[in-house]
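Please open the model in your viewer and keep the sequence panel beside it. The tour goes from one selection to the next and says what is found at each stop.

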Amino acid sequence: MSLERLHSAIDHAQNHRPELPESPTEADMIPWRRRIDEIDRAILRLLNERARCANIIGYIKKKLGLPVYVPEREEEVLRNVLAANEGPLSNEAVRRLFERVIDETRALERQKYQDLPPEAE
């Protein structure tokens, strides 16, 4: 999916919120749950696109003989997302989420490019 379509999906999710009823019923949760499902699919697409980008970086690192783990870059990523955090998630929650995303991405990068014997490339 193109970044333009992802931005469009995000804009749609942000600007098309179901109404908050004065006297809610269980049925009023349905459109909100649909919205969460739509947002989850967009998050998944973004996470997979992020992983694809990291894989390309992993390929470049492998060719240049650079290490997978670069602590300064990880801290830069965390500083960037924390600076952009507008809540309601706390900075601690955002840090934990992105540390996990980074860990999983790094594991994929190692598996795909760094831990393979030369003949397996």
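Begin by selecting R106 and D103, which both lie in helix 4, three residues apart, or about one turn of the helix. Keep in mind throughout that this is a predicted model. The side chains of R106 and D103 meet in a salt bridge, with 3.4 Å from N to O. D103 counts as partly exposed because its relative accessibility is 34%, whereas R106, with a relative accessible area of 14%, is buried.

Now add E74 to the selection, since the side chain of R106 also meets that of E74 in a salt bridge, at 2.3 Å from N to O. This pair links distant parts of the chain, with E74 in helix 3 and R106 in helix 4, 32 residues apart. E74 counts as buried, its relative accessibility being 14%. Taken together, E74, D103 and R106 are linked in a network of salt bridges, and the structure as a whole holds eight salt bridges.

Staying in helix 4, select R95 and E99, which lie four residues apart, about one turn of the helix. Their side chains meet in a salt bridge of 3.6 Å, N to O. R95 counts as partly exposed at 28% relative accessibility, and E99 counts as partly exposed at 29%.

A further stop in helix 4 is Q111. Is Q111 buried or exposed? With a relative accessible area of 54%, Q111 is exposed, because the cut-off for that class is over 50%. If you draw a distance from the C-alpha atom of Q111 to that of L44, 67 residues apart along the chain, the viewer should show a separation of 20 Å.

Next, go to the loop between helix 3 and helix 4, where P88 has its place. A cis peptide bond joins G87 and P88, with omega at about 15°. For context, most peptide bonds are trans.

Turn then to the pockets, and show the surface if your viewer allows it. The largest pocket has a volume of about 1300 Å³. Of the 25 residues that line this largest pocket, I39, I43, L46, L89 and F98 are the closest to its centre, and they make a convenient selection. Helix 1 (3-15), helix 2 (29-64), helix 3 (71-84) and helix 4 (91-114) each supply at least two residues of the lining, and helix 2 gives the most, with seven residues. Colouring the lining of the largest pocket by class should bring out 16 nonpolar, four polar and five charged residues.

For the second largest pocket, which has a volume of about 400 Å³, select R50, K61, R73, V77 and E109, the residues nearest its centre among the 15 that line it. Helix 2, helix 3 and helix 4 each supply at least two residues of this lining, and the largest share, five residues, comes from helix 2. By class, the lining of the second largest pocket has eight nonpolar, one polar and six charged residues.

Finish on the outside of the model by selecting I56, Y59, I60, L64 and L66, which form a nonpolar patch on the surface with about 500 Å² of accessible area together. One of these residues, Y59, lies in helix 2, and Y59 counts as partly exposed because its relative accessibility is 43%.

Terms used
Residues are numbered from 1 along each chain as its sequence is written. This is a predicted model: local features need pLDDT of at least 70, side-chain atom pairs count only at pLDDT 80 or more; totals for chains, interfaces and linings use all residues. Side-chain values use heavy atoms; hydrogens and water are left out. On a 1 Å grid over the protein atoms alone, a cavity is a set of points where a 1.4 Å probe fits but cannot get out, and a pocket is an open set with protein on both sides within 12 Å along at least five of seven lines; lining residues have an atom within 4 Å of a point. Grid points are joined across faces, edges and corners, and a volume is the space filled by probe spheres set on the points. Ala, Val, Leu, Ile, Met, Phe, Trp, Tyr, Cys and Pro count as nonpolar, Asp, Glu, Lys and Arg as charged, and the others, Gly among them, as polar. Patches are made of residues with over 30% relative accessible area and no salt bridge: like charges are joined within 9 Å, nonpolar side chains (Val, Leu, Ile, Met, Phe, Trp, Tyr) within 5 Å. Accessible areas come from the Shrake-Rupley method with a 1.4 Å probe; for residues, only the protein chains shown count as cover. A salt bridge is a side-chain nitrogen of Lys or Arg within 4 Å of a carboxyl oxygen of Asp or Glu. Buried means under 20% relative accessible area, exposed over 50%, partly exposed in between (1.4 Å probe, protein chains only).
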